[in-house]
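Here's a quick walk through a protein and its ligand. Have a look at the overall fold before turning to the binding site.

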Amino acid sequence: MAVKKVTIVEMGLRDGLQNEKVVLSTQARLEILQKLLDIGARRIEIGAFVSPQWVPQMAGSAEVTKAALELQKSKKIPKGTEFSVLVPNEKGMLMAIESGIKEVAIFAAASESFSKKNINCTIEESFERFKPVMALAKKHKIKVRGYLSTCFGCPFEGKVSEAKVIQLAKRLHQIGCYEISIGDTIGVADPMQVERIFKKLKKVVPVKKLAAHFHDTRGTALANILEAYQLGVRVFDASVGGLGGCPYAPGAAGNVSTEDVAYMFHGMGVKTGLDIEKMVAMNPWLTEKIQHTLPTKVGKVGFLKPLGKI
Ligand code: HMG
Ligand code: MG
């Protein structure tokens, strides 16, 4: 029987930290990175080359990237580990090229108001900005992931057109994104909505190129992930401890916690490659760094010992 497995793309160092009050030093971010690697994370978004005026928490991403890539070169980390950074425009892409990283992520929104608030341009203008980014990516052989935000609801407009979500995901695929991460930026989705939208998405983008990105503001993220898994999605974004959120999405909580997602999948016999006990051990350390209790459930309590190690 084929091994059942999923990939968790670790968001803690980017989506997580970008919305925390504390601004962590490069050193602290690298300590988190090392712990994530020890835990088994193999796809990690390590920062964002966005404007530090807009997101001060992501300043210093160049130093974090430089150190992460040195670690990679030294072969001290497992082969196949992939780092990525978020880039909003050509300037960010040039910084990514300068750093030597081999994967970036671009981001568009499915609602106009969110696009304006988050990146100060319309959706159409954002796709104009992607043109030089994609051309540079091709020239420098850099993989590009694409995020589509507010796919299940917008903090400013409320309902978002499903047709628009499908059309924009298709467009991100057509311009060359190797994977499209479908975002519930503010954590409003429910499983039936997930079923409806992913069924439509699968008709325009191969399911193996789709990822799901749920924030857990209202406690529905795990149910939504299970729904997406049942529809064939195998890549999920999550953040250790459930850190963070989006600074331009008022009220949005952090990504679903990596520990909680791994626990659910391991219980179902689906491998993630992550060590939950190490994440539980990391929790007090991370709590101290972030200076507040983290929303993760499994990260705080771990396993029920009599059930054994999963
Ligand atoms: P702007 O102010 O319109 O930019 O911001 P501009 O082109 O007018 O330039 C203004 C200044 O910013 C200039 O500097 C530029 O050089 C500089 P000055 O001449 O004044 O000294 N600048 C930059 N600096 C560093 N890096 C850059 C860059 N670009 C211009 N890349 C901009 C437009 C896109 C830059 C800004 O709106 C921005 O950085 N936004 C990012 C917001 C953000 O990071 N949001 C969170 C990430 S998205 C998210 O969390 C959702 C996701 O998780 C999925 C989901 O949950 O749905 C991905
Ligand atoms: Mg997000």
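How many helices and strands does the protein have? Keep in mind that this is a predicted model. The protein has 12 helices and eight strands. As for overall size, the C-alpha atoms fill a box of roughly 55 × 45 × 40 Å along the principal axes. With 310 residues, a compact globule would come out with a radius of gyration near 19 Å, and the protein's 18 Å agrees with that.

Now for the ligand. The space that ligand 1 takes up is the largest pocket. Helix H1 (12–16), helix H4 (90–99), helix H5 (112–119) and strand S5 (143–149) are the elements that each give two or more residues to the shell around ligand 1. H4 supplies the largest share of that shell, with three residues.

In total, 27 residues surround ligand 1, and the closest are Gln 18, Asn 118, Asn 120, Ser 149 and Thr 185. Sorted by class, the shell holds 12 nonpolar, 11 polar and four charged residues.

Here are some polar contacts of ligand 1, with the atoms on each side:

| Ligand 1 atom | Protein partner | Distance |
|---|---|---|
| nitrogen | Phe 49, polar backbone atom | 2.9 Å |
| nitrogen | Asn 118, side-chain N or O atom | 2.8 Å |
| oxygen | Asn 120, side-chain N or O atom | 2.8 Å |

And how much of ligand 1 does the protein bury? Taken alone, ligand 1 exposes 1,100 Å², and the protein buries 74% of that.

Definitions and conventions: Residues are numbered from 1 along each chain as its sequence is written. Chains are lettered from A and ligands numbered from 1 in the order in which they are written. This is a predicted model: local features need pLDDT of at least 70, side-chain atom pairs count only at pLDDT 80 or more; totals for chains, interfaces and linings use all residues. Side-chain values use heavy atoms; hydrogens and water are left out. A residue is near a molecule or strand if one of its heavy atoms lies within 4 Å of it. A polar contact is a pair of N or O atoms within 3.5 Å; within protein, one must be able to donate a hydrogen and the other to accept it, and residues adjacent in sequence count only if both atoms are side-chain atoms. Accessible areas come from the Shrake-Rupley method with a 1.4 Å probe; for residues, only the protein chains shown count as cover. On a 1 Å grid over the protein atoms alone, a cavity is a set of points where a 1.4 Å probe fits but cannot get out, and a pocket is an open set with protein on both sides within 12 Å along at least five of seven lines; lining residues have an atom within 4 Å of a point. A molecule sits in a cavity or pocket if more than half of its atoms lie within 2 Å of its grid points. Helices (H or I, at least four residues) and strands (E, at least two) are DSSP runs, numbered from the N terminus. Ala, Val, Leu, Ile, Met, Phe, Trp, Tyr, Cys and Pro count as nonpolar, Asp, Glu, Lys and Arg as charged, and the others, Gly among them, as polar. The radius of gyration is taken over C-alpha atoms; the globule rule is 2.2 Å times the number of residues to the power 0.38.
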